[in-house]
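Biologist: Please take one part of this model and go through it closely, with the cut-offs stated. I would like to know how that part sits against the rest.

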Amino acid sequence: MAQKNIVVVGAGVAGLTSAYLLSQTRQYNITVVAKHMPGDYDIEYASPWAGANYMPVSLRDTKAAEWDRDTWYALEDLARNRPESGVHFQECEILSRDKDSQSATAEWFAELLSPSPWFKHVVPNFRILPTDKLGSGIQSGTIFTSVCINTAIYLPWLLSQCVKGGVTFKRASLEDLTDALALGSQEKVDLIVNCTGLGASKLGGVRDTAVVPARGQIVLVRNGNGGKMVNLSGTDDGDQEACYVMTRAVGGGTIIGGSYQKGDWNPEVDHELAHRIMQRAVKACPDLTGGSGKVEDLDVIRHGVGLRPVREGGARVERERMSSGWVVHNYGHGGAGYQSSYGCAQGVVRLVKEVTSAKVSKL
């Protein structure tokens, strides 16, 4: 059977993971087309700015929970067997304050903060933190083995796996999704995989108005945190701000955050917010400053701003018959881009197989 010619639009974690898994089947000629590639840092390109880690906020018995569950097994395998990918294990503490219980943050984190979340049977070593291990102002907590992803290593690693699988890469800025039809490795493009993230809100042929940014701001520091990942249920600085800390593999520094400013497109660093982020981090994690608790003792590598591609109603992983042919969509993952990446990409592979079968192609 002749190979089908597929163009994947977008080279963030969704596009690269989709291309990678598609390339493993050896059934397709795959071209990834994107304006931004691994190594770039741009406000339009969300993936490099992510933490990134595995802390599911998806609700039980949802498609999102299935994607997160399936992704855990892939990330666990990478951490265990492919350390060159920049994925490593890290103990994760989820800490809850009673005063956050009615906040928007607590509502967003409802499953993550639960003493019995759906993923407790998925991740290793899930347990309740004893009260004598809780810090001042913390009423409850859980701990489990998670992973942290050094995006500066992981995105190029994903690209290298795609190239190893025969995937071609092209730089291009598209005005309309149908522009991808002229960019395949062969004359006829059989199918487009749309992994355009926040770009799906403005890209011709898609223009999904349900997709909006959720601005995230972080600080990357050289200070260590004793190998722990920490997330708090809320802050005293409003529902749009958060407190989390995670240390990247192979000397990648420690990420401290953050914010969740929905509808905010501002690409510039807010230095007052940055100071609040650092203040919260050194209080929650004294190890960052050797116990001094002083922001001045943080050794800053850089500040960062990224725009999470949030889609009202959840990520879109589905096929669509357009006038120009079939499209498989994979976008709108919000802050779950990495921790749902393999589950969503596995869904893309299934949909592509359906679309390229004789039965579906005749619909």
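Modeller: The answer below starts with one helix and then turns to the sheet and the aromatic rings. This is a predicted model, in which local features need pLDDT of at least 70 and side-chain atom pairs count only at pLDDT 80 or more, while totals for chains, interfaces and linings use all residues. Residues are numbered from 1 along each chain as its sequence is written, and side-chain values use heavy atoms, with hydrogens and water left out.

The part is helix 5, residues 151-164; helices (H or I, at least four residues) and strands (E, at least two) are DSSP runs numbered from the N terminus. Its 14 residues should span 20 Å at 1.5 Å a residue, and the end C-alpha atoms are 19 Å apart, which agrees; the expected span is 1.5 Å times one less than the number of residues.

Buried residues (under 20% relative accessible area, with exposed over 50% and partly exposed in between; 1.4 Å probe, protein chains only) in helix 5 are Thr151, Tyr154, Leu155, Trp157, Leu158, Gln161 and Cys162. They cover an arc of only 160° around the axis, which puts them on the same side of helix 5; the arc is that of the directions from the helix axis to the C-beta atoms. An α-helix has 3.6 residues a turn, so residues three or four places apart point the same way. The cover over these buried residues includes helix 1, helix 2 (63-81), strand 3 (87-96), strand 5 (140-149), strand 6 and helix 7 (341-356), where contact means heavy atoms within 4.5 Å. Just after helix 5, Gly166 has a positive phi of about 95°.

Strand 6 also belongs to an open, mixed sheet of six strands in the order 6-2-1-7-15-14, where two strands pair if DSSP finds at least two bridges between them. Strand 6 (168-171) and strand 14 (316-322) stand at the edges with a single partner strand each, so one side of each is left without a neighbour in the sheet. Helix 1 (residues 13-24) packs on this sheet, touching strand 1, strand 2, strand 6, strand 7 (191-194) and strand 15 (325-331).

Tyr154 and Trp157 of helix 5 also take part in a cluster of ring pairs with Tyr20 and Tyr338. Rings of Phe, Tyr and Trp (its six-membered ring) pair if their centres lie within 6.5 Å, with planes under 30 degrees apart counted as stacked, over 60 as edge-to-face and the rest as tilted. By this rule the count is eleven aromatic pairs.

Note on methods. Axes fitted to C-alpha atoms, helices over the stretch in contact; angles between N-to-C directions.
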